[in-house]
Amino acid sequence: MSDRSAATTTPWRSDPSALQSQLAAWSHHFHGHDAVVTDVGAPDSGMANDTLFFTVDGQRLVVRLAPTPDSKFPTFRTYDLALQRRVMELVRARTDVPVPEVLHLETSEEWFGVPFLVTRAVEGVVPSDNPPYLLDPGGWFLQGTPEQWKRFERSTIDVFVRLHRIADEGDDTAFLRLDAPGNTALERQVTDLRAYYEWARGEHSVPTLERGIAAVATTMPTNDRTVLNWGDSRPGNIIYRDFAPAAVLDWEMATVGPPEVDVAWTTFFQKFFAGVAQQNGLRVPGMFDAVETAATYEELGGAPLDDLTWYEAFAACRFAVILLRMVQRSAAYGLAPLPDDPDDLIMFAPLLGRLLERI
């Protein structure tokens, strides 16, 4: 796992050095008083929580901390580390998809003031969000070859195929079902999106996004397939070695629903990054095209997918709500003023509009 330090432009994240004493106290309690904590650091991406790397007695570990109660504009309404542990254990038990080994879930606030999860670290590299890995000329991804990019693309799609073999058909997936109105898992996801927006918007109303949420609700396809949805299913949440997945991360958004929801999240992000590139006069490597990705998914053993057009619009609305929260957080920390036009709270409003026009 990459050990680059967190960027100083994220003031809502804790300084790793400031937490070293708490890490040491926890390690002494669980690993013995002779335990030595070294090499404390943080990844250079991540918006929803504090994540730290550290070494104790030669073991490289990762601790994921829940947000503090006084966090300004947290990304999610709740941050359920127990759910994240359960879904990773489910994936380890039911598939061969690589996920980090969970070593400890601490529900008390004794050590850091918040609950936290400890996993074994996995060596590899993670596609960067800032700058986007598809646009970073100095990053590891763009230094790859077309053959390596193809391996990256196919092996990522194969992760979806293998995850989606976990069907929601028993008690072991009941904890992933959304508590929201709806006759199908997809309808419950759409209903929950509206509730998420109402929570996330704070004092703002975003007309473009409100129209988008209404549009996806009224054009929702009939799809009652229900499998494990990773939720934040994209390369930026995978550790890669030799351009193939070594560990799948970040299960905060996990639920159940149609497989198209996961696949379209990745194809949407490809469009999003391509749009950012175009604004800067650049081009990104061609991959994760919606039609070709669906065909590869089926070729690799997945069930045939519906047309992804509606699901990409749904993904855009979901990401817009997350981005709305992030923009408000940045303003709260004085990094950038809020725009005068509420639609400008969504930096990709033109792309969102184009996707909505297609449904």
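Strand β3 (residues 59-65) and strand β5 (residues 116-120) run antiparallel and are joined by 5 bridges. Strands here are DSSP runs of E with at least two residues, and helices are runs of H or I with at least four, numbered from the N terminus. The model is a predicted one: local features need pLDDT of at least 70, side-chain atom pairs count only at pLDDT 80 or more, and totals for chains, interfaces and linings use all residues. Residues are numbered from 1 along each chain as its sequence is written, and side-chain values use heavy atoms, with hydrogens and water left out.

**The sheet**
- V63 has V118 in β5 as its bridge partner.
- Zooming out, there's an open sheet of 5 strands with antiparallel pairing, in the order β1-β2-β3-β5-β4; two strands pair if DSSP finds at least two bridges between them.
- β1 (37-41) and β4 (102-106) are the edge strands, each pairing on one side only.

**The second largest pocket**
- A pocket is an open set of points on a 1 Å grid over the protein atoms alone, where a 1.4 Å probe fits, with protein on both sides within 12 Å along at least five of seven lines; lining residues have an atom within 4 Å of a point.
- The second largest one has a volume of about 690 Å³, counted as the space filled by probe spheres set on the points, which are joined across faces, edges and corners.
- It's lined by 24 residues, and R77, L178, D192, E252 and M253 sit closest to its centre.
- α2 (81-94), α4 (185-200) and α8 (309-332) are the elements that each give two or more residues to this lining, with the largest share, 4 residues, coming from α4.
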